[in-house]
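A new notebook page, and a new structure to get to know. Here is what I looked up, in the order I looked.

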Amino acid sequence: MKRESETRRSVLRQLTAAGLGAGVGGASLLASAGLARAKSAARIRSEVAQAREEMFRRFPVTRSYDQQAAATLIIPRIVKAAFVVGGSYGEGAMMVGGEIESFWSYASASFGFQAGAQETNQALFFMTSNALGTFLDAEGLEFGADAEVSLLDQGAELAVDTTKDTKPVIGVVFGRGGLMAGASLQGGKYTRIQP
């Protein structure tokens, strides 16, 4: 427990340092700041499984999305550290048919008046093969203002058949308090990793 706490503090220090330099390199700086490949494959598998089950339990509609999706990318325990300039980093896995196919990291930089640290979980459901192909062909994706993603929000009570009317990627960002209000994937960079 003590070792995990020390590791978490170390990651938060690195995130803060990476965030302070984000103005010259954006989110990619976070991935190159010594944070990538920080966890073992076994630990990522365990954390992904826990986050997936928690998501299904708390937001039942996500189970249907998962069953319909060409693939689901789950990034658990994304740590966000911030003080005016900050960033987020996490590692997870791409799943097809409930089985892990590849490992991925997520990194983002943020600016503005903010303070503190928090932890969130994220899932992306690729509802079409084309959306998944675009993501994989680009070796990940950096979501911008025009990202084709529908984010579930706190008031969402979506029926399963509404997936045909949404964008080709459905995103879920949640923490201890539930779905994250005002969550955004803009500026997030996804990179394939080998833990």
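Leaving aside neighbours within four places in sequence, which residues is F125 in contact with? I found M55, T62, Y65, D66, A69, A71, T72, P168, V169, I170 and V172, where contact means heavy atoms within 4.5 Å.

A note on the source: this is a predicted model, where local features need pLDDT of at least 70, side-chain atom pairs count only at pLDDT 80 or more, and totals for chains, interfaces and linings use all residues. Residues are numbered from 1 along each chain as its sequence is written, and side-chain values use heavy atoms, with hydrogens and water left out.

Next I looked up the largest nonpolar core (buried Ala, Val, Leu, Ile, Met, Phe, Trp, Tyr and Cys residues joined through side-chain atoms within 4.5 Å; buried means under 20% relative accessible area with a 1.4 Å probe, protein chains only). It has 23 residues, and M55, Y65, I74, F125, L152 and V172 touch the most other members. Helix α4 gives the most to this core, with five residues. Apart from it I found another core of 17 residues, including I75 and M94.

Then I turned to Q122, which sits in strand β2, residues 99-126 (strands are DSSP runs of E, at least two residues, numbered from the N terminus). Is Q122 buried or exposed? Q122 is buried, at a relative accessible area of 4%. Its side chain makes a polar contact with that of Y190 at 2.4 Å (a pair of N or O atoms within 3.5 Å, one able to donate a hydrogen and the other to accept it).

Conventions: Helix = DSSP H or I, 4+ residues; strand = E, 2+ residues; numbered from the N terminus. Buried < 20%, exposed > 50% of the residue type's maximum accessible area, 1.4 Å probe, protein only.
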